[in-house]
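Student: I would like to go through this model and ask what stands behind each label. Can we take the terms one by one?

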Amino acid sequence: MSRRTSKLRVQRVGRAGAGDSRAIRAEVRSTESLDALFLVAEPGQGIALLRAVRNCLVPEGARLRRSAEGVRVPAAIAGRLGELEPMVRVNWTPEARRFIENRRHVASVHSRVFAALQRIRREGVSLAERLISDSAGLDVLDGHQVVNVAAMTLPDSPGLCVFDEQGAGKTVTFIFAFDLLVERDQADLAVIVAPKSMIGEWPKDLRRFRGDIYRSAVLTGTAREKRRILADG
């Protein structure tokens, strides 16, 4: 009898409309690891939410984890959370919505950006110089740095990792790339995470290559003090 009652409740939730008080309610939150989202149910609805996500989104045989933070939804299926409606009324936090938008953007531009990177690798400095001809002071850069700046500033690129060896000029490469993105109105702030031994070098190199047009600040102290420094720009 109890099993039958339980099944009946699941069926009713499944037919619930957007305004139905019996629908499961959950909030979508981002995680610090950025490889998943968490669905957080209202009190008493955690098991029903887990069941709904498992039935609607998770491939057969795949594992789904529920913790104190909520139901963990891997990035691979996070974009399908809208399919839970109207069974689950989903409230998105701004960070979670940005998580989805960023991943959709990356998926939509990946093939085009990758093809452009391959072309820069093939044609080298001659193409790179044409792509960043709107950047001032390129004569101080070596050839591989010019190529890196061009690769780092491709239109619609979601970002790029540069794995050059120590001493190859990654700092100046970044400074020129950031400066060009600022000139193109595509960036206005950079947060640099570096070893303590290198922190003092960044303000020096910014002044050396770009004069006093940028203001830099070292984030130290408590978390509150660091947030205040960031807020002050």
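Tutor: We start with the ground rules, then take the sheet, a helix and some backbone angles.
The model is predicted, so local features need pLDDT of at least 70, side-chain atom pairs count only at pLDDT 80 or more, and totals for chains, interfaces and linings use all residues. Residues are numbered from 1 along each chain as its sequence is written, and side-chain values use heavy atoms, with hydrogens and water left out.

Student: What makes S3 and S5 edge strands?
Tutor: Five strands form an open sheet, in the order S3-S4-S2-S1-S5, with mixed pairing. Strand S3 (65-67) and strand S5 (88-92) each pair on one side only. Strands here are DSSP runs of E, at least two residues, and helices are runs of H or I, at least four, numbered from the N terminus.

Student: How do you know that S3 and S4 pair?
Tutor: Pairing requires at least two bridges found by DSSP between two strands. S3 and strand S4 (residues 70-74) have three, and they run antiparallel. One of the bridge partners is Gly70 in S4, matched with Ser67.

Student: Which helix packs on the sheet, and which strands does it touch?
Tutor: Helix H2 (residues 46-56) touches S1, S2, S3, S4 and S5. Contact means heavy atoms within 4.5 Å. The direction of H2 makes about 135° with that of S2. Axes are lines fitted to C-alpha atoms, for helices over the stretch in contact, and angles run from 0 to 180 degrees between N-to-C directions.

Student: How do you know that the length of H7 agrees with its residue count?
Tutor: The expected span is 1.5 Å times one less than the number of residues. For the 14 residues of H7 (170-183) that gives 20 Å, and the end C-alpha atoms are 20 Å apart, so the two agree.

Student: What covers the buried residues of H7?
Tutor: The cover includes helix H6 (143-152), helix H8 (196-199) and helix H9 (201-210). Among the buried residues are Val172, Phe176 and Leu180.

Student: Why is Asp185 called exposed, and Asp156 partly exposed?
Tutor: Buried means under 20% relative accessible area, exposed over 50%, partly exposed in between (1.4 Å probe, protein chains only). Asp185 has 72%, so it counts as exposed. Asp156 has 40%, so it counts as partly exposed.

Student: Where do these two residues lie?
Tutor: Asp156 is in the loop between H6 and H7, and Asp185 is in the loop between H7 and H8. Phi is positive in Asp156, near 70°, and in Asp185, near 60°.

Student: What makes the bond from Glu85 to Pro86 cis?
Tutor: Its omega is near 0°. Pro86 is in the loop between helix H3 (75-78) and S5.
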